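Trainee: I'd like a close look at one part of this protein, please. Take me through the surroundings too, and don't rush it.

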Amino acid sequence: GTSLCQQLLKSNDFDGLTVTGITKSTTKHESIRDAMSNNNRFRVLTYEDSIKQGKTFRNVVFCAPPSGFDDYPAAVKEV
C-alpha cells in the first residue's frame with residue numbers, strides 16, 4: 001500500500017490531491033508516515049476514525065494481505 005501511495009503522489013495525474021491510507025489500527029502509522037517522508041499530501045487514518053469522521057472517498061484501492069482477515073472475500077466485498 002505504501003509503495004502505491006508513493007507512486008500516486010509522484011504522478012502528475014494526482015498533482016494537488018491528497019492520498020489517504022486507511023489501516024485497521026495505528027500500530028504502523030509512524031513507520032508509514034516515515035516511509036512517505038511525512039509528505040503533506042498524505043495522511044493516514046484508521047478505518048474506525050474515518051467512519052467516526054464521516055469520511056468518504058471517491059477513488060479507492062483496497063490493498064491488504066489476506067492473512068489479516070478471517071474472511072478476506074467478505075472484507076473486500078464490504079469495501
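Leaving aside its neighbours within four places in sequence, which residues is Ala35 in contact with?

Mentor: Thr2 and Gln6 are the contacts of Ala35 once its neighbours within four places are set aside. Before we go further, keep in mind that this is a predicted model. The mean pLDDT of the protein chain is 86, with 99% of its residues at 70 or more. Ala35 itself sits in helix H2, and H2 (residues 29-35) is where confidence is highest, at a mean of 92. For comparison, confidence is lowest in helix H4 (residues 72-78), with a mean of 77.

Now, how covered is Ala35? Its relative accessibility is 34%, and because that falls between 20% and 50%, Ala35 counts as partly exposed. As for reach, Ala35 and Thr56 are 21 residues apart along the chain, and 24 Å separates their C-alpha atoms.

Let's widen the view from H2 to what it joins. Together with strands S1 and S2, H2 makes a right-handed β-α-β unit. S1 (residues 19-23) and S2 pair in the parallel sense, over five bridges. To find that pairing on screen, look for Ile22, which stands opposite Leu45 in S2. S2 is mostly covered, with four of its five residues buried.

Thr46 is a good residue to click on next. You'll find Thr46 in S2 (residues 42-46), and it counts as buried because its relative accessibility is 7%, under the 20% cut-off. Not counting residues up to four places away in sequence, Thr46 touches Ile22, Thr23, Lys24, Ser25, Thr26 and His29. The Thr46 side chain also reaches the backbone nitrogen of Asp49, at 3.0 Å. Thr2, which we met as a contact of Ala35, is 15 Å from Thr46, C-alpha to C-alpha, with their places 44 residues apart in sequence.

Over in S1, have a look at Thr23. A polar atom of the Thr23 side chain lies 2.7 Å from the backbone oxygen of Ser25. With residues up to four places away left out, Thr23 touches His29, Ile32, Val44, Leu45, Thr46 and Tyr47.

Two of those names, Ile32 and Val44, lead to the largest nonpolar core. Seven residues make up that core: Cys5, Leu9, Val19, Ile32, Met36, Phe42 and Val44. Helix H1 (2-10) and S2 each supply at least two of them. To see some of this core from one residue, start at Cys5: apart from neighbours within four places, it is in contact with Val19, Met36 and Phe42.

Back to where you started, then: Ala35 is in H2, is partly exposed, and has contacts with Thr2 and Gln6 beyond its neighbours in sequence.

Note on methods: Residues numbered from 1 in each chain as written. Predicted model: local features only at pLDDT ≥ 70, side-chain atom pairs only at ≥ 80, totals over all residues. Heavy atoms only, no water. pLDDT = per-residue confidence, 0-100. Helix = DSSP H or I, 4+ residues; strand = E, 2+ residues; numbered from the N terminus. Buried < 20%, exposed > 50% of the residue type's maximum accessible area, 1.4 Å probe, protein only. Contact = heavy atoms within 4.5 Å. Pairing = 2+ DSSP bridges. Right-handed = clockwise from strand over helix to strand, strands pointing away. Polar contact = N/O pair within 3.5 Å; in protein donor to acceptor, adjacent residues only side chain to side chain. Core = buried A, V, L, I, M, F, W, Y, C linked by side-chain atoms within 4.5 Å.
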